[in-house]
Amino acid sequence: GNFLDLGTGDAQTDVVGGIELAWQPGTAGIALGLRYTLQLSDNLPRRIGPPNAPILPLTSETIVTRDLGDIIQISAFPTLRLSDFFTVYASASYYKKQADDFSNAVDAQATELFPVSSLATESEMEALSLGGGIMYSTTSTYAPGGGMPIEAGVSYRTAFNGKGGLTPKTNEVRLFLRLFYNLFAGGARAPANNGGGGR
């Protein structure tokens with residue numbers, strides 16, 4: 001109903017789960033990440049017509065069942081520690097979104113000039129992104145009772161390869177700063193050294 005509107009989300013529920021693993025026995029190490037997004041289906045009004053038509057008449061509107069494609073993301077970050085505080089790393093990320101699925105929620109047997117399934121045209125996406133960055137971190141030297149650690153850095157990532165009509169070719173520069181806070185500052189403290197001998 002608003003042809004000048006710029007949508008910023010899908011307005012449906014997602015369920016996201018993932019795992020991250022890091023291994024750094026010495027100067028070199030690697031971090032791995034896996035994330036899966038389950039996009040749940042919903043019903044909403046959509047105007048049905050040829051995929052290349054930018055504006056469709058109101059008479060083409062119907063209620064459809066939309067099931068957006070699930071998403072899987074796999075990332076790897078080889079790291080190289082330059083000192084106790086500075087680490088450089090490379091990054092490789094694989095992104096895969098399955099094709100969407102649309103069906104007529106009002107009458108499954110309805111015959112349309114343009115099938116509802118045409119709304120899913122070119123909705124499958126796949127991309128491989130490469131990049132790298134540098135990070136400053138005091139977490140490795142943090143000791144309880146001292147100041148809380150911080151992390152800061154800059155990274156660059158670009159889409160190296162991909163396919164799918166709606167897959168964006170992105171170049172991303174990210175600056176980040178992480179500040180930590182101790183929720184259990186009032187907890188147990190280490191016993192004071194009274195100068196006595198050990199037992």
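This is a short tour of two sheets, the strands that build them, and three buried residues to select along the way.

**Before you start**

The model you have open is a predicted one, so please read each stop with that in mind.

**Stop 1: the seven-stranded sheet**

Begin by colouring S1, S2, S5, S6, S8, S9 and S10. Together these seven strands make an open sheet, ordered S1-S2-S5-S6-S8-S9-S10 and paired in the antiparallel sense. Now look to the edges, where you will find S1 (14–23) and S10 (171–179); each has a single partner strand, so one side of each is left without a neighbour in the sheet. Ignoring direction, neighbouring strands of this sheet are turned against each other by 15 degrees on average.

**Stop 2: S5 and its two partners**

Next, select S5, residues 71–81, together with S2, residues 28–39: the two run antiparallel and are joined by 10 bridges. Show the backbone and pick out two pairs here. Ala-31 stands opposite Phe-77 of S5, and Tyr-36 has Ile-72 in S5 as its bridge partner.

Keep Ile-72 selected and turn to S6, where its bridge partner is Lys-96. With Ile-72 you can therefore step from Tyr-36 across to Lys-96.

How many bridges pair S5 with S6? There are nine, and the pairing with S6 (residues 86–97) is antiparallel. To see how the chain gets from S5 to S6, follow the hairpin, which joins them through four residues.

**Stop 3: Ser-155 in S9**

Stay with the seven-stranded sheet and move along to S9, residues 150–163, where Ser-155 lies. Is Ser-155 buried or exposed? Its relative accessibility is 16%, below the 20% cut-off, so Ser-155 counts as buried. Select its surroundings next: beyond the neighbours within four places in sequence, Ser-155 is in contact with Tyr-89, Gly-132, Gly-133, Glu-172, Val-173 and Arg-174.

**Stop 4: the three-stranded sheet**

Now hide the strands you have coloured and show S3, S4 and S7. They form a second open sheet in the order S3-S4-S7, with antiparallel pairing. S3 (42–47) and S7 are the edge strands, each pairing on one side only. From one strand to the next, the twist averages 40 degrees.

Zoom in on S3 and S4 (residues 61–67), which run antiparallel and are joined by six bridges. For one pair to display, choose Arg-46, whose bridge partner in S4 is Thr-62.

**Stop 5: the loop after S7**

Finally, follow the chain out of S7 into the loop that leads to S8. Ser-118 is found in this loop. With 15% relative accessibility, Ser-118 counts as buried. Show its side chain, which reaches the backbone oxygen of Pro-115 at 2.7 Å. Apart from neighbours within four places in sequence, Ser-118 is in contact with Gly-49 and Pro-51.

Ala-120 sits in the loop as well, between S7 (101–104) and S8 (125–137). At 14% relative accessibility, Ala-120 is also counted as buried. Which residues does Ala-120 contact, leaving aside its neighbours within four places in sequence? They are Asp-100, Asp-101 and Phe-102. To end the tour, draw a distance between the C-alpha atoms of Ala-120 and Phe-102: they are separated by 6.5 Å, although the two residues are 18 apart along the chain.

Terms used:
Residues are numbered from 1 along each chain as its sequence is written. This is a predicted model: local features need pLDDT of at least 70, side-chain atom pairs count only at pLDDT 80 or more; totals for chains, interfaces and linings use all residues. Side-chain values use heavy atoms; hydrogens and water are left out. Buried means under 20% relative accessible area, exposed over 50%, partly exposed in between (1.4 Å probe, protein chains only). Contact means heavy atoms within 4.5 Å. A polar contact is a pair of N or O atoms within 3.5 Å; within protein, one must be able to donate a hydrogen and the other to accept it, and residues adjacent in sequence count only if both atoms are side-chain atoms. Two strands pair if DSSP finds at least two bridges between them. Axes are lines fitted to C-alpha atoms, for helices over the stretch in contact, and angles run from 0 to 180 degrees between N-to-C directions.
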